Amino acid sequence: MKETILELRNITKVYHNGVVANRDISISFEKGEIHSIVGENGAGKSTLMKIIYGIESPSEGEIIHKGEKVKFRGSMEAIHAGIGMVHQHFMLIPTMSVVENIIVGDEPSNIRGIVDYKEAVKRTRELSEHYHLDVDVLSKIEDLSAGEKQKVEILKTLYRNAEIIILDEPTSVLTPQETETLFEELFKLKEMGHTIIFISHKLNEVKRISDRITVIRSGECKGTFENDEVDLLQLAELIVGRKLLSSYSELKKDVDDKKEILRVEKLYLSNKEKNILENISFSIRSGEILGIAGVQGNGQSELVRAIAGIGPMSSGEISLSGQRIEKLSVKKRRELGLSYIPEDRLGVGVATTAPLCDNIISSYYDRADINGHFFMDRRKISETANNLISKFTIRTNSIYTAVGDLSGGNMQKVVVARESNTDPICMLAEQPTQGIDIGSSEYIRTQLIEMRNRGAAVLLISADLEEVLSLSDRVIVMYNGMISAHLSNLDKISTNDLGLYMLGIRKQTSDELKEALYE
Amino acid sequence: MSKVKINEERMFGVIKTLVALLIALGITFVVLCLTAEDPLSSFIIMLTGPLTKLRYFSNVLETMTPLVFTALACAVLFRAGIFNLGVEGIFFICGLVTTYVATKISIDNNILHPFVAIALSGIMGGLLMLIPGWLKAKFDTNIVVSTLMLNSIYLGIGLYILKERLIASDISTTASELFMESSKLPYLFSGTRLTVGFFLALVAAVLVYIMMNKTRLGYKIRISGQNAEFAKYSGIAAFSLILLIHFISGFLAGIGSSVELLSFYDRFTWTKISTHGSTGMLIAMMGNNRVVPVMIAAFGISYLKIGAEIMSRSTVVPVEITSIVEATLVLLISSQYFLRHIREKRLLKEGIANG
């Protein structure tokens with residue numbers, strides 16, 4: 001039996017606005033284990049960590065640290081008790097050196113009260129060597145890579161003698177290689193007897209490094225498991241709280257009477273130096289999802305923006321249901337049945353400071369059903385907003401909540417709700433599930449398929465290859481502003497082949513590419 | 001955020017304003033202590049003066065009248081995220097339109113005459129404001145620069161017109177001929193100089209309120225002001241919207257100018273840009289570009305101006321002392337951080353209490 005270092009007993013946290021962030025959560029952390037906390041965005045992981053770290057105080061329940069009941073009134077007390085936290089966003093001063101960042105707030109000083117810089121450098125170096133966290137302690141933070149900054153953050157907690165280190169979504173800013181290095185470091189820390197609390201929603205990472213895993217769903221603890229007790233799918237289902245779809249293809253229904261909806265022909269966009277988009281031609285029929293695969297930055301964004309009418313194009317034709325639209329205004333295109341879920345949610349997709357009810361009608365604010373003769377009909381607008389909130393299960397306190405206060409997933413649901421509330425015949429979905437939780441992602445994907453089943457044409461642009469392959473009926477690959485492949489038989493395509501097209505190593509002939517236009 | 005929460009936010013806005021006011025008055029008092037002979041009584045005169053006589057209180061509403069127009073003119077544009085400084089230039093040059101109608105065109109009807117003057121002035125204001133609006137919509141010029149330049153241009157052109165076409169032959173100073181009696185706005189009540197102009201200001205405020213909060217145009221203005229990219233993406237055409245709100249703004253400024261002249265002047269005497277435009281801008285900012293707070297701010301600033309004027313008559317303190325209050329208020333109210341920690345603490349306390 002291992003020694004318990006920290007124990008949470010029946011922790012409940014209610015916020016001022018009545019939101020119950022944590023409800024009766026009990027977890028024990030053992031010395032020398034990597035213990036992951038998983039859950040969707042807004043499930044209450046962060047609140048729980050803030051409670052452990054003394055930033056928030058629990059409304060009910062107690063914290064037992066090394067057998068004693070404690071109550072931290074601020075992070076300083078938690079730090080003194082040997083608890084350290086590495087935040088998701090680095091808390092470092094970019095213009096200062098590693099040493100200065102590590103010692104700040106707890107500087108070694110000589111008799112006259114002046115910072116003993118030599119001693120600081122010495123101690124920091126020792127620390128770095130002892131824990132095998134290699135980093136040049138004299139370099140400035142701004143010159144470091146994300147992985148190195150993370151090391152500095154961990155060193156910062158170790159400098160303060162942390163025995164328990166909380167890592168909040170530590171891999172979100174790291175490359176795969178840096179992530180692997182981080183894991184090695186964490187294993188070493190664990191061997192040295194430190195307890196690591198690892199917060200993440202990337203389940204394969206969690207499976208890779210954890211000894212034990214605790215699942216939190218809507219503020220409640222859904223159990224703590226030994227790593228080998230659960231597999232990935234079980235874990236995902238525990239997090240979401242229901243069965244997940246193993247495949248989207250079974251949701252698809254055949255649509256009769258397929259007509260061509262969106263047709264793009266010989267579309268070019270060029271600046272002085274080069275073509276950003278070159279000879280883009282494809283067509284989408286009703287009841288069809290066309291996926292665009294490709295490494296981000298190969299012209300996908302520019303293409304969608306040109307189709308939606310908010311970005312430029314140099315030449316070419318775009319038709320919607322047979323009508324040329326490339327010269328029409330955004331409004332006209334929308335009236336003809338075009339909808340658009342933009343990639344840049346905060347910058348383009350919503351007005352964060354405006355209330356939800358204003359955001360959810362923006363693309364059809366002048367439609368007759370929410371307007372009177374002279375004035376907008378507030379009652380109808382509330383009705384529309386409330387209907388969409390319940391239909392799309394948007395979690396919000398009211399329709400007057402500023403959209404910026406919602407979680408990423410809920411914000412995206414606002415966008416999707418608005419864009420589907422016009423009964424579009426063509427939906428441009430650009431990175432529709434980027435950066436949002438599992439549950440919302442699944443919901444949004446299902447919505448796209450439903451739109452397809454209703455006979456809409458969907459253009460899906462995604463950096464997530466699995467998403468593209470599982471949702472699309474056909475796929476085109478973009479490389480360097482051109483279409484490098486058109487693939488209609490998706491069962492026979494391996495991700496490896498797709499990779500070759502995406503990296504521009506292979507390219508189909510122009511005859512093969514004509515198929516994208518159904519010619 | 002529930003409705004209760006919205007009211008709380010509003011409450012916080014009110015508290016913030018009141019605290020800002022107290023600080024501003026405190027600073028004023030300190031300055032009075034340093035300069036005036038009897039600071040306390042001067043201070044009391046300034047604060048209570050306008051309430052001592054009906055005429056003084058009427059003076060407050062008279063001062064407020066043009067400021068309501070200029071503040072609304074600014075608020076409409078600011079709400080759309082367009083920081084246009086051109087209201088004061090429009091206010092000046094539209095005064096000359098009014099002067100032309102009031103001195104050169106004789107209409108023998110004391111309702112029709114001011115109506116024509118005000119209407120022409122408003123339309124002229126709207127059209128002139130279209131110039132920076134069009135430059136903004138078409139070429140995305142920096143509206144701050146273009147409107148500042150235009151203010152100088154309007155002043156120059158205006159003075160030229162005044163001196164060449166409208167100047168009075170009977171007096172030696174630079175001023176226009178006397179306004180015809182038929183052009184002047186009638187008084188609202190006997191015993192005060194308050195005219196129908198004040199009533200027009202209230203009507204304008206109600207109309208702007210309805211426009212901003214009930215109509216599709218207001219919705220478009222609000223959305224564009226909060227995220228222009230989002231508005232474009234949603235299919236709200238920026239071009240026509242920018243032109244329209246510039247016209248409305250200029251229209252309001254033009255009417256304001258006309259109302260001011262036909263209420264309180266016998267001839268056009270401005271030889272430089274008046275402060276109505278810049279004060280209107282301050283008021284719009286204080287009121288966060290919302291009609292109701294803007295009206296309150298317009299009243300408050302006018303009250304202080306009259307208070308200071310009354311004080312200056314009995315003491316050596318100049319009227320300009322109100323600038324201290326105005327400047328401090330704008331600085332504090334427009335600051336996002338001022339008093340923020342108090343609000344956060346309160347929210348935290350509530351959180352613990354409810355838990």
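**A four-stranded sheet and its surroundings in chain A**

In the hairpin formed by strand 14 and strand 15 of chain A, two residues sit between the strands, and A:Ser321 adopts a positive phi near 50°. This small turn is a friendly place to begin a walk through the structure, which is a predicted model. The two strands of the hairpin run antiparallel and are joined by two bridges, with strand 15 covering residues 323-324 of chain A. One pairing can be found by eye: A:Leu320 has A:Gln323 in strand 15 of chain A as its bridge partner.

The hairpin belongs to a wider arrangement. Four strands of chain A make up an open sheet in the order 12-11-14-15, with antiparallel pairing. Strand 12 (275-285) and strand 15 of chain A are the edges of this sheet; each has a single partner strand, so one side of each is left without a neighbour in the sheet. Moving inward from strand 12, its pairing with strand 11 of chain A is antiparallel and extends over seven bridges. Within that pairing, A:Leu269 is matched with A:Leu277 in strand 12 of chain A. Strand 11 (residues 260-270) of chain A is also joined to strand 14 (residues 315-320) of chain A, by five bridges and again in the antiparallel sense. Here A:Arg263 stands opposite A:Ser319 in strand 14 of chain A.

Strand 11 holds a further detail of the backbone. A:Lys266 lies in strand 11 of chain A, and its phi is positive, about 45°, although the residue is not a glycine. Is A:Lys266 buried or exposed? A residue with 12 or fewer C-beta neighbours within 10 Å is classed as exposed; A:Lys266 has 11 C-beta neighbours inside 10 Å and therefore counts as exposed.

Two other lysines of chain A can be read in the same way. A:Lys66 is located in the loop between strand 4 (60-65) and strand 5 (68-70) of chain A. Its phi is near 50°, a positive value in a residue other than glycine. Because A:Lys66 has 14 C-beta neighbours inside 10 Å, it counts as partly exposed. A:Lys13, by contrast, is placed in strand 1 (residues 4-14) of chain A and counts as buried because 24 C-beta neighbours lie inside 10 Å. A:Lys13 also offers a sense of distance within the chain: A:Val98 is 85 residues away along the chain, and the C-alpha atoms of the two are separated by 36 Å.

Helix 9 (residues 300-308) of chain A is mostly covered, with seven of its nine residues buried. Which residues of helix 9 of chain A are buried? They are A:Gln300, A:Leu303, A:Val304, A:Arg305, A:Ala306, A:Ile307 and A:Ala308. After the helix comes A:Gly309, with a positive phi near 95°. In chain B, helix 12 (residues 291-314) has 24 residues and reaches 35 Å from its first C-alpha to its last, close to the 34 Å expected at 1.5 Å a residue. Of those 24 residues, 17 are buried, so helix 12 of chain B is largely enclosed by the rest of the structure.

Stepping back, chain A contains 18 helices and 20 strands. The chain is divided into domain 1 (4-240) and domain 2 (249-258 + 286-312 + 323-517). The C-alpha centres of domain 1 and domain 2 of chain A are 37 Å apart. Eight residues from domain 1 of chain A and seven residues from domain 2 of chain A take part in the contact. On the side of domain 1 of chain A that touches domain 2 of chain A, three residues are nonpolar, four are polar and one is charged.

The overall dimensions complete the picture. The C-alpha trace of chain A spans about 80 × 55 × 50 Å along its principal axes. How does the radius of gyration fit with this chain length? A compact globule of 519 residues would have a radius of gyration near 24 Å, and the 26 Å of chain A agrees with that. Buried residues account for 44% of the 519 residues in chain A. Among contacts in chain A between residues at least 6 apart in sequence, 69% join residues at least 24 apart.

Technical notes. Residues numbered from 1 in each chain as written. Chains lettered and ligands numbered in written order. Predicted model: local features only at pLDDT ≥ 70, side-chain atom pairs only at ≥ 80, totals over all residues. Expected span 1.5 Å × (residues − 1). Buried ≥ 20, exposed ≤ 12 C-beta atoms within 10 Å, placed from the backbone. Domains from an automatic or database assignment. Contact = placed C-beta atoms within 7 Å. Nonpolar A, V, L, I, M, F, W, Y, C, P; charged D, E, K, R; others polar. Pairing = 2+ DSSP bridges. Rg over C-alpha atoms; globule rule 2.2 N^0.38 Å.
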